[in-house]
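Trainee: I should like to take a close look at a single part of this protein. Could you please choose one helix and explain how it sits among its surroundings?

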Amino acid sequence: MPKISKKSKGKKEAIVAADPVSDEEAIDFNQMNIEKEEETFTFDYIEPNHKYDFTLINYLRKSFNFVSWNILTLSEGICEQNELGMLLAIENETGTTNPDPQSKSFEIYGILSVVSFDKINKDSFADLMIDTIVKHAPENSKELLLNYKSAQNKLGLLVNDRIINLPESICEVMYEQLLEDYNFIKTEYTIEEIEEYELDFIVHFIPVEEKAKGSNHEKNNGLNNSLFYRQEDKHFLKKSFYHFEIPHNLSDQYKILCAIIKFDDFITLMSNGNLFK
């Protein structure tokens, strides 16, 4: 069972897990636990930083593989609005004793961030994203969503990706850290600063895979016929104000669902501790 310690704003403390991870391939954590029970790894929660642009952009290209415009804008926006989000990382062992935090180097294993659309509209990135969403949204939602082309500071994008097979206990703490970031903003920032984080809705793109069809007597309809890559995504879909499919050129078994979630509902989902149940 991983041992978890809470972070404070400005210093992201660690979780210690008996599970080694790799940035290059999928890992069977259960098997690794059997073979190497004595190994421990410390995960840090660090603020998004341009120092890790290369890894961050690779995650974003995977998460937003349906986007044909420049993903670099999204990376820049996440680093600019880094108060509400984090990178899951393991510190590299350099052999140095330099106490300066800026001298540390990390391997990145996941990202969880909320960035407002007004922070990602360089080269019309946000406009193109909203146009894509509206194009495929249900007719009864198009007018509402179009309004956010002129109110992009009230619409947020949830960026959520990580290596597969990461233990749930670590994933849970990522959301705890995000909620702690939000609560810190609410209690420590000025009224004007807080307004930057008072969103109406967030947009979340959720990858799902269609299950193989069962026997004739089985009835698998809608979300019941989907396999989720991240357990919490099924809760986001159930709580969404709207959700609909975004077309892509990938495998026919692979779907991208766009969920429009009220921001208050998103905060509630993180607060109630049931995302991984």
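Mentor: The following account begins with one helix and then turns to the parts around it. Please keep in mind that this is a predicted model.

Let us begin with helix α5, which spans residues 139–146. Its buried residues are Ser141, Lys142 and Leu145. Seen down the axis of α5, these buried residues fall within an arc of 120 degrees, so they line one face of the helix. The face turned away from that buried side carries the exposed residues Glu139, Asn140 and Glu143. What do the buried residues of α5 pack against? They pack against α4, β9 (242–246) and β10 (254–262).

Helix α4 (125–136) deserves attention next. A salt bridge joins the side chains of aspartate 131 and lysine 149, at 2.9 Å from N to O. Aspartate 131 belongs to helix α4, while lysine 149 lies in the loop between α5 and β6, and the two are 18 residues apart. Aspartate 131 is partly exposed, at 34% relative accessibility, and lysine 149 is also partly exposed, with a relative accessible area of 32%. As a general principle, side chains of opposite charge can pair when their charged atoms come close.

The loop between β5 (106–116) and α4 holds aspartate 123. Its phi is near 55 degrees, a positive value in a residue other than glycine. Most residues other than glycine have a negative phi. Is aspartate 123 buried or exposed? With a relative accessible area of 55%, aspartate 123 is exposed, because exposed means over 50%.

Lysine 122, in the loop between β5 and α4, forms a salt bridge with glutamate 76 (3.5 Å, N to O). Glutamate 76 is in helix α3 (residues 72–80), and the pair links parts of the chain that are 46 residues apart. Lysine 122 is partly exposed, with a relative accessible area of 47%, and glutamate 76 is partly exposed at 26%.

These two pairs are among the nine salt bridges that the structure holds. Another of them joins the side chains of lysine 186 and glutamate 198, at 2.9 Å from N to O. Lysine 186 lies in helix α6 and glutamate 198 in the loop between α7 (191–195) and β7 (201–210), so this pair ties together parts 12 residues apart in sequence. Salt bridges that share partners also join Asp118, Lys119 and Glu196 into one network.

Technical notes. Residues numbered from 1 in each chain as written. Predicted model: local features only at pLDDT ≥ 70, side-chain atom pairs only at ≥ 80, totals over all residues. Heavy atoms only, no water. Helix = DSSP H or I, 4+ residues; strand = E, 2+ residues; numbered from the N terminus. Buried < 20%, exposed > 50% of the residue type's maximum accessible area, 1.4 Å probe, protein only. Arc of directions from axis to C-beta. Contact = heavy atoms within 4.5 Å. Salt bridge = Lys/Arg side-chain N within 4 Å of Asp/Glu carboxyl O.
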